[in-house]
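Reader: I am new to this structure and would like to know what the terms used for it rest on. Please take them one at a time.

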Number of protein chains: 2
Amino acid sequence: MKAVSINKPGSAAELIIEKREKPTPQNGELLIKVKATAINRTDIMKRENQQLQSPYPILGVEMAGVVEENNSSNTEFALGTRVASLVNNGSYAEYVTIPAERVIHLPDEISFEEGTAIPEVFLTAYQTLYWLGKLQQDETVLIHAGGSGVGTAAIQLAKQLTDAKVITTAGSAEKLDFCKQLGADETINYKTEDFSERVLEITDGEGVELILDFVGASYWEKNFKSIKVDGRWILIGTLGGSVVENVNIGSLLGKRVTLKATVLTPRSDGYKAELTREFVEKVLPLFKAGKIHPIIDRVFPFEEVAEAHRYMEDNKNTGKIILSLEKEDNRA
Amino acid sequence: MKAVSINKPGSAAELIIEKREKPTPQNGELLIKVKATAINRTDIMKRENQQLQSPYPILGVEMAGVVEENNSSNTEFALGTRVASLVNNGSYAEYVTIPAERVIHLPDEISFEEGTAIPEVFLTAYQTLYWLGKLQQDETVLIHAGGSGVGTAAIQLAKQLTDAKVITTAGSAEKLDFCKQLGADETINYKTEDFSERVLEITDGEGVELILDFVGASYWEKNFKSIKVDGRWILIGTLGGSVVENVNIGSLLGKRVTLKATVLTPRSDGYKAELTREFVEKVLPLFKAGKIHPIIDRVFPFEEVAEAHRYMEDNKNTGKIILSLEKEDNRA
């Protein structure tokens, strides 16, 4: 089968489409013919990871497709069933295998391209807002990078599941407009405003109960100013750098801050299965009802994976960047 | 009544015993005649706090004594009932008032000196281990400053309530011996050993699920090395400094660390009442049964409050430092 890996760790120019062996589903697993996969920042980090040794892995952590073989006892997944899922062993490929218990059964209303836009960002947004962030009705949440994949998912979930007050930051008027359309109550252009000052204005000087922070070091001080006493601060990325100089833990004590650092990809299969189960129960009905939407910025053909990576690196997207394998089917 | 305050913010030499007005219990409150009160580090921090303005507060956050007036609807607290409690408005005094719902009814087996050794350290240890730290049966917890008030309480609770594996650090062989007697499974002298290396040895390289950290900045790197993936790190003091240089939040993400900064004293009355209620239900029976003991290092007469403060500042104590007001009674 065709799959995307790298020549060597480095820039998007190192991406290659090569032949790999079609995987065989183990006990409890499904074999899926992939119809679409999505680009995530973790793919770019893996691509650049100088620790990687040859043979290099297949990139990608999520996909949508159809069941081609069911080697599990779960009869829900007949051949041809439309599904989407997180994937452990690379999703930029014509076929993947995954544990049946971690698969989302895609409603007919949702296309494959929309389907692959769901697992990583919506599961991450759900996990960080509710499992880790314990967001409650009537609380205020600050969602950074509102135009990103997780940002667009988190805005929708926070409004639809809890009717929380959502403050979001982004770097352009277009992205902020889009965040408003998704339900954000207040938007802040971090390039032209000090977001912590605006947050304190909006919250009568109290700050927010919850922060979803993809940015890390460069926002540290302002996030600290923006958080309320007893607030929860969920750290899920370091787009703005990893190293914070001079963390004042005395101040953290003063505000009784809870800081939770998290990444979804390396968590256990059991954790992801339980998260997927709860997500399917609580959120999938909102997709079916058209109240929550997978947000797609742009679809690239599979062959243009390098362009798709560069597009993400340019930070231009609002929502997900998708690779479609539908053309592969037409050729076959 | 007599009460301890300060001439001006500064050293123990600034402590003064002066006449203050006897407080009046508000609706829902008890008036308590204080028999013993205890020294806490927060008292020393308040004593030194250059922000304080005259009139200076009465120091102290906990006491044991007898009910002298009950202005609540709670009939459990007849006049003469022996009680212990956290106190908001200063406990180094002949009388205090407190909400009835926050009071621990002292069993006859527990003296007043032992009683005042319970609220701050045992409630803090209970709150940090269980409410914040979610300590589970069979987990491993690293308790720093094992000879401190909260340390001696936390070791006992972790063993008696959950049978967790307890690793503790202290700075002398005597303190470490005492920690062993309290139930600690492993003890580390932080002056002669790198505690993180020992923790990794003891845990087969995995690290501990939970850290109770009173030390802060100077232990930061070693605590990070000592914590397991998905570990909880409860920060409750900054004895080793407040400012950490170069915190690598990328590493926090890699280990998915939860860091909770907390202090008990400024929390709401409702929070303390609920904590006290649960503590009375779950832990007081263990005191009555002689399985858990308030740990007292030394009792000073009320007049020797300055000596008592200096004794704590010298870091010599294992367990609590108490001020007794019994002599005041004999004089009266």
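Author: Start with the term angle: axes are lines fitted to C-alpha atoms, for helices over the stretch in contact, and angles run from 0 to 180 degrees between N-to-C directions. In this predicted model, helix H3 (residues 119-132) of chain A and helix H9 (residues 269-282) of chain A pack at an angle of about 90°, and their axes are 10 Å apart.

Reader: Why are H3(A) and H9(A) called roughly perpendicular?

Author: Angles of 65 to 115 degrees count as roughly perpendicular. The angle here is about 90°, and H3(A) and H9(A) are therefore roughly perpendicular to each other.

Reader: Which residues of H3(A) and H9(A) meet?

Author: From H3(A) come A:Phe122, A:Leu123, A:Tyr126 and A:Gln127, and they meet A:Leu275, A:Thr276 and A:Phe279 in H9(A). By class, this contact has five nonpolar residues, two polar ones and no charged ones.

Reader: What makes H3(B) roughly perpendicular to H9(B)?

Author: Helix H3 (residues 119-132) of chain B packs on helix H9 (residues 269-282) of chain B at an angle of about 90°, with axes 10 Å apart. That value makes H3(B) roughly perpendicular to H9(B). B:Phe122, B:Leu123, B:Tyr126 and B:Gln127 of H3(B) make the contact with B:Leu275, B:Thr276 and B:Phe279 of H9(B).

Reader: How do you know that the two copies are related as by a two-fold rotation axis?

Author: A turn of 180° and a shift of 0.0 Å along the axis lay chain A on chain B with an RMSD of 0.1 Å. The two copies are thus related as by a two-fold rotation axis.

Reader: Why is it said that the copies meet through the same surface?

Author: Of the interface residues of chain A, 100% are also interface residues in chain B, so the copies meet through the same surface. Chain A gives 23 residues to the contact and chain B gives 23 residues. Strand E13 (243-244), strand E14 (247-248), helix H8 (249-255) and strand E15 (258-261) of chain A each supply at least two residues of the side of chain A that touches chain B. That side has twelve nonpolar, eight polar and three charged residues.

Reader: How do you know that E15(A) and E15(B) pair?

Author: Two strands pair if there are at least two bridges between them. E15(A) and strand E15 (residues 258-261) of chain B have three bridges, in the antiparallel sense, and the bridge partner of A:Lys260 in E15(B) is B:Thr258. E13(A) also pairs in the antiparallel sense with strand E14 (residues 247-248) of chain B, over two bridges. There A:Val243 stands opposite B:Asn248.

Reader: What makes E10(A) and E10(B) edge strands?

Author: They belong to an open sheet of twelve strands with mixed pairing, in the order E10(A)-E9(A)-E8(A)-E11(A)-E12(A)-E15(A)-E15(B)-E12(B)-E11(B)-E8(B)-E9(B)-E10(B). Strand E10 (186-189) of chain A and strand E10 (186-189) of chain B are the edge strands, and each pairs on one side only. On average, neighbouring strands of this sheet are turned by 15° against each other, direction ignored.

Reader: Which helix lies across E9 and E10 of chain A?

Author: Helix H5 (residues 173-182) of chain A lies across strand E9 (165-170) and E10 of that chain, and runs at about 170° to E10(A). Angles over 145 degrees count as roughly antiparallel.

Reader: What scores does the model have?

Author: The model has an ipTM of 0.83 and a pTM of 0.87. Chain A averages a pLDDT of 94, and 98% of the residues score at least 70.

Methods: Residues are numbered from 1 along each chain as its sequence is written. Chains are lettered from A and ligands numbered from 1 in the order in which they are written. This is a predicted model: local features need pLDDT of at least 70, side-chain atom pairs count only at pLDDT 80 or more; totals for chains, interfaces and linings use all residues. Two residues are in contact if their C-beta atoms, placed from the backbone, lie within 7 Å. Helices (H or I, at least four residues) and strands (E, at least two) are DSSP runs, numbered from the N terminus. Ala, Val, Leu, Ile, Met, Phe, Trp, Tyr, Cys and Pro count as nonpolar, Asp, Glu, Lys and Arg as charged, and the others, Gly among them, as polar. pLDDT is the predictor's confidence in each residue, from 0 to 100. Angles under 35 degrees count as roughly parallel, over 145 as roughly antiparallel, 65 to 115 as roughly perpendicular and the rest as oblique. Copies are superposed by least squares on the C-alpha atoms of residues with pLDDT of at least 70 in both.
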